[in-house]
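Here's a quick look at how the parts of this model fit together. Have the structure open while you read.

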Protein chains: 2
Amino acid sequence: MNGAESLVRTLSGGGVDVCFANPGTSEMQFVDALDRTRLMRCILGLFEGVVTGAADGYARMSGRPAATLLHLAPGLANASANLHNAKKARVPIVNIVGDHALRHQAYDAPLSADVEGAALPFSDFVRITRSAAEIGADGAETLAAAKSAPGRIATLIAPSDTGWDEGGVVAEPRRPQGPARIDSSALDQAVAALAFGKETMILAGDSILEQDETLALLAGIAEKTGCRVALPSANRRIERGRGRANFPKIPFAVDLALEMLKDVRHVILIMARQPVAFFAYPGKPSTLLPDACSRLTLADMHEDGPDAVRQLADRVGARPAKVKDAPRPVDPQAIPIDYLALEAAIAAALPENAIVVDEGLTSGRGIYDATPGAAPMSWIAITGGSIGIGPPMALGAAIACPDRPVVALQADGSAMYTIQALWSQAREGANVTTVIFANGTYEILKQELFRVGANPGRSALDMLEINRPALDFVSIAKGMGVPGVRVSDAAALVRAIRDSVREPGPKLIEATIV
Amino acid sequence: MNGAESLVRTLSGGGVDVCFANPGTSEMQFVDALDRTRLMRCILGLFEGVVTGAADGYARMSGRPAATLLHLAPGLANASANLHNAKKARVPIVNIVGDHALRHQAYDAPLSADVEGAALPFSDFVRITRSAAEIGADGAETLAAAKSAPGRIATLIAPSDTGWDEGGVVAEPRRPQGPARIDSSALDQAVAALAFGKETMILAGDSILEQDETLALLAGIAEKTGCRVALPSANRRIERGRGRANFPKIPFAVDLALEMLKDVRHVILIMARQPVAFFAYPGKPSTLLPDACSRLTLADMHEDGPDAVRQLADRVGARPAKVKDAPRPVDPQAIPIDYLALEAAIAAALPENAIVVDEGLTSGRGIYDATPGAAPMSWIAITGGSIGIGPPMALGAAIACPDRPVVALQADGSAMYTIQALWSQAREGANVTTVIFANGTYEILKQELFRVGANPGRSALDMLEINRPALDFVSIAKGMGVPGVRVSDAAALVRAIRDSVREPGPKLIEATIV
């Protein structure tokens, strides 16, 4: 058995059964091994950012790592923006990155570059394998690192000869590092902080938001003690909609966040960090809590947050809260699609049990708050701020959950970074409805330009307009095999979404935002 | 004056007048300064690989660095594949990469990552500026590094407060490091090697290929001494076509390269390195010259290669050779477009004084050898093997030379990595004719799969097909504002290219390859 086959069998034995790939010559022996063993479903991306964004979406919805197959340092670099998002989301991913054969590395061939150096800024774990005999064991270590709490980006660099040489050894799965138990004194302090009622805020993230039980317990703790509960601005996944507790997120805009947090005297962090500004701005603070606010970490990211919630509920005598559902969304009229109409349309049109991919950014910022009464859904959003995650994340979510409708809320500027994902959606028959919020501008940057104190002229604003020429997403989608439609009123948008989720396969809806 | 303005004025004073940009919040003060000063032409890319690929094409044709404006570590990562190509081409580029304000860096905001770590693998020079007072001087140093021989990737990391704080100081241009003089004993040895006539090969690259004088002198040396002259497989720019000396390139395929070089006993390297295999393969050598061949470096990359050619010609009494032109290309018939028909069509259709962008890869590999008798042209090709440089490089070349027609020979798979460049071509009215070689496959990888000794099955080959669904480049181009046409015979391809270069602005021609 060659090294490549031993790696594929090792990862498969550890539960990896999907590989998102954009391979090159130095990975051909892995393509060959994937083909011969038939142990993984292989999904091709036409650009590496598609590959890693899809692996992220897959991991968010399945809870399990996919493998990626990437080509040397430049391929890894192309993959890195969405690895950044995945790293901030704390999802597990196993990257297999080819490199030149060890004997070839001295010669500075054109594709030579520092693969390890390129991997380090965007990985939690990096391993270089040195031989066919070791690649299986190194693969098992890499997989265990990926699966270790709370979820990590683990990268295995595989020189091509470690794949094609004979002598591969399939390795047994290694045990990942599970979540650590929380500190009991922190629990005591949290109970004490809850005595302050509405002066106290619980900020809860990560896996706590993925379980009905912990969400209901959080609501119960709030009911029992009068404390407030909020979520970080961006999260790996939130289970929400009708029948589930709904919690506000910390707003992206610094002034809104400061306003929301100004009366907080005690914060209890459960798998969350203290909220900070997304960016620094002249004359505005970096941290968002009042200076005098006490900060208590009940469970850090590597600790058992769901257990912390259970213990905390138990200590204050809280039970899972009965949810008072928000009103059901009502279908909007055939009005032009401004932000409010967009929010109403999405809330009304979301199908039962949808996976909502949120890269709506400026246009879509109000949709979260408009949808507590919408049909039950999983909500997965951009986490690391590196735009261009939506189209691939939707692909990966659809691969993980083929029977659920995926609705991707997608800003137009961001969509263009990884638009190639549409082709993979078509190829895989992925049940994705992409709604492009076509406002023809990097709207978020226009707002930011004013926030840094500039008094911008025409040419600065022109740098942030993307409507000259207009992007025609329906044609772009057609070019990649995805049928599309353009709508310019809210009722038509609702109809288009409903029509789309009724049929299998991907669709694109370009919604003209006014 | 704030730091951002001092940086823009410093770079402008050093001759930088174009900025390719994909900015984010942390770069808004630079956008503002570019707007207020009006000292640079700003060109927006919808993805960072467009930005750096365009800066590469601009530098290749203008000989001068453009600035790029990139957003934090993920933006830099997206830019890095084409920085890799530019680094291997040894072109000058000045990257300005924003980072969080210094005071904000402690807080692990979502977009935090190691910008310097991400920059190092793909830059020759990295500088982090620390204050508005220093950013001008740091910018001058960075620009001088970019311009130093033979051309370097120089990256300035600018925390946002170094841009928006007052106290900026415009810095005088620093003197770049010019090319070093060659060693006179190497010249003696080169003269001695040339006494062996056809057993000796000159391998010449870089700026030698950009000047009619040095090309003619190389041909004169070959005429006088009987030596052979060859070029590296990939080069920054070659001036060629009717009236100019034509030299063969070392083939990409190892077996063809070994065959070409098997009788070489002495090699003289002038701004070139010894030829090595693009990739390692089982059972094939990494280096391509016979073991017994003597290797002499007359001018290394940082040395004055054109001067070395002049001195060498002088020592052997060679004069610029009169070129015997290859036959003029003849228009092909209306036959299906196989590789030979493609070569004939491109050779016939290339307009006078074209800039040919070569990312034709497998389908286009024969075009170089088919075009010595075509109209005079500049030939710029992918250098670092990281695919997806063609569409942006064509954009940058058109910005540098607005009065010359740019013809981009473009493999379909590679085009998809940076297809967003079409939009910038449309926005800038760039005179680019992109010819997509639509064979519906990663053909190069299929060949490579066999070269690593695999016996691939259907699913492995399926991973390398990109025709399910078919990519419709005419629709994709339309979606980005570029008119397109599809052709399926060689005569129609010639007509389409001729029609396209007659009109201003970008066009796309999808040529169906059989």
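Two residues are in contact if their C-beta atoms, placed from the backbone, lie within 7 Å. With that in mind, 24 residues of domain 1 of chain A are in contact with 25 residues of domain 3 of chain A. The model is predicted, so to speak of local features takes pLDDT of at least 70, and side-chain atom pairs count only at pLDDT 80 or more, while totals for chains, interfaces and linings use all residues. Residues are numbered from 1 along each chain as its sequence is written, and chains are lettered from A and ligands numbered from 1 in the order in which they are written.

Here is how chain A is divided, with bounds from an automatic or database domain assignment:

| Domain of chain A | Residues |
|---|---|
| domain 1 | 3–164 |
| domain 2 | 184–316 |
| domain 3 | 339–512 |

Taken over C-alpha atoms, the centres of domain 1 and domain 3 of chain A are 29 Å apart.

Which element gives the largest share of the domain 1 side that touches domain 3 in chain A? That's α3(A), with 11 residues. Helices (H or I, at least four residues) and strands (E, at least two) are DSSP runs, numbered from the N terminus.

Now for the two chains. A turn of 180° and a shift of 0.0 Å along the axis lay chain B on chain A with an RMSD of 0.0 Å, superposed by least squares on the C-alpha atoms of residues with pLDDT of at least 70 in both. That is the relation of a two-fold axis. In chain B, Ile476(B) has the C-alpha nearest the axis, 2.1 Å from it.
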